[in-house]
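Subject: Structure handover and what turned up in it

Hi there,

Here is the structure I promised to pass on to you. Please open it beside this email, and then read on for the notes.

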Amino acid sequence: MFKGIKDKFKYNSGVKFLKEQLKKPAPVVDRSHGLTSVGCIVDMDQFDNADEFYQFQEEFSLRPNAVKIIGYKSYYDKNSPYSTPVFSDKDLGWNGKIENSYALEFLSREYDLLVNYYKEDNLLMQLMSVKAKARFRVGFMEIDSYFNDLILDIPLKDFKLFKQELKKYLGVLNEIK
């Protein structure tokens, strides 16, 4: 029973941290125009083929290690092999901290583009999005506009259409050629 109460308090402290972050202006990342690095936060409960995001390397003419992907699963077994680094609800610490080595490594980098590939209000994915250092963010209509600079109204399962629309808008914004 104590574990349940403790988790509830951690969740509430995470919500409080997120609300405080949403009141602040989004951090400005001082990076030049153009795409050299892409970070992707993917809801693997809804979209299980996160490896498709590596197509951005070829699509946007990026270096081999330019795309970093982290997946969210509501529950995962640490002993099961995942091709994509994963974090889950059990990685939530006090005051919005995320206690997962993969997530911390993902957050330690700066990105030109952050793809928030999720449609549900989920505290952990929103915390990752708020903490990630990115110059430009793209996501879906269902999520608060604070998390995204470009909002697309596309089905989550239709990655091909997402990629086409993203490329089109990045071209319009002179981020890619």
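Below are notes on the salt bridges, one exposed loop residue, a surface patch and the largest pocket. Please keep in mind that this is a predicted model.

**Salt bridges**

Side chains of opposite charge can pair when their charged atoms come close. Searching the whole structure turned up eight salt bridges. Here are some of them.

Let me start with K73 and D45, whose side chains form a salt bridge with an N to O distance of 3.7 Å. K73 sits in the loop between β2 (67–72) and β3 (86–87), while D45 sits in the loop between β1 (38–43) and α2 (55–59), so this pair ties together parts that are 28 residues apart in sequence. The two partners have their own accessibility classes: K73 is buried because its relative accessibility, 17%, falls under the 20% cut-off, whereas D45 is partly exposed at 35%.

Next comes the pair E142 and K119, with side chains that meet in a salt bridge at 3.6 Å, N to O. This one also joins two loops: E142 belongs to the loop between β5 (133–140) and β6, and K119 to the loop between β4 (110–117) and α4 (123–131), so parts that are 23 residues apart in sequence are tied together. E142 is partly exposed, at 41% relative accessibility, and K119 is partly exposed too, with a relative accessible area of 22%.

R109 and E105 make another salt bridge, at 2.8 Å from N to O. Here R109 is partly exposed at 33%, and E105 is partly exposed at 37%. Finally, there is a network of salt bridges that links E59, K163 and K167.

**A loop residue to look at**

While you have E142 on screen, find D153 as well. The C-alpha atoms of these two residues are separated by 8.3 Å, and the residues are eleven apart along the chain. D153 is in the loop between β6 (150–152) and α5 (159–172). Is D153 buried or exposed? With a relative accessible area of 57%, D153 is exposed, because that value is over the 50% cut-off.

**A nonpolar patch**

On the surface, I5, F9 and W94 form a nonpolar patch, and together they have about 310 Å² of accessible area. W94 comes from the loop between β3 and α3 (101–107). On its own, W94 counts as partly exposed, with 42% relative accessibility.

**The largest pocket**

The largest pocket holds about 280 Å³ of space. Twelve residues line this pocket, and D7, K10, D89, K90 and L92 are the closest to its centre. Which helix gives the most to the lining? That is α1, with five residues. Both α1 (2–23) and α4 supply at least two residues each.

What kinds of residue make up the lining of the largest pocket? By class, eight are charged and four are nonpolar, with no polar residues.

If you would like a route through the model, you could begin with the K73 and D45 pair, move on to E142 and K119, and finish at the pocket residues D7, K10, D89, K90 and L92.

Happy browsing, and do write back with any questions.

Best wishes

Terms used. Residues are numbered from 1 along each chain as its sequence is written. This is a predicted model: local features need pLDDT of at least 70, side-chain atom pairs count only at pLDDT 80 or more; totals for chains, interfaces and linings use all residues. Side-chain values use heavy atoms; hydrogens and water are left out. Helices (H or I, at least four residues) and strands (E, at least two) are DSSP runs, numbered from the N terminus. Buried means under 20% relative accessible area, exposed over 50%, partly exposed in between (1.4 Å probe, protein chains only). A salt bridge is a side-chain nitrogen of Lys or Arg within 4 Å of a carboxyl oxygen of Asp or Glu. Patches are made of residues with over 30% relative accessible area and no salt bridge: like charges are joined within 9 Å, nonpolar side chains (Val, Leu, Ile, Met, Phe, Trp, Tyr) within 5 Å. Accessible areas come from the Shrake-Rupley method with a 1.4 Å probe; for residues, only the protein chains shown count as cover. On a 1 Å grid over the protein atoms alone, a cavity is a set of points where a 1.4 Å probe fits but cannot get out, and a pocket is an open set with protein on both sides within 12 Å along at least five of seven lines; lining residues have an atom within 4 Å of a point. Grid points are joined across faces, edges and corners, and a volume is the space filled by probe spheres set on the points. Ala, Val, Leu, Ile, Met, Phe, Trp, Tyr, Cys and Pro count as nonpolar, Asp, Glu, Lys and Arg as charged, and the others, Gly among them, as polar.
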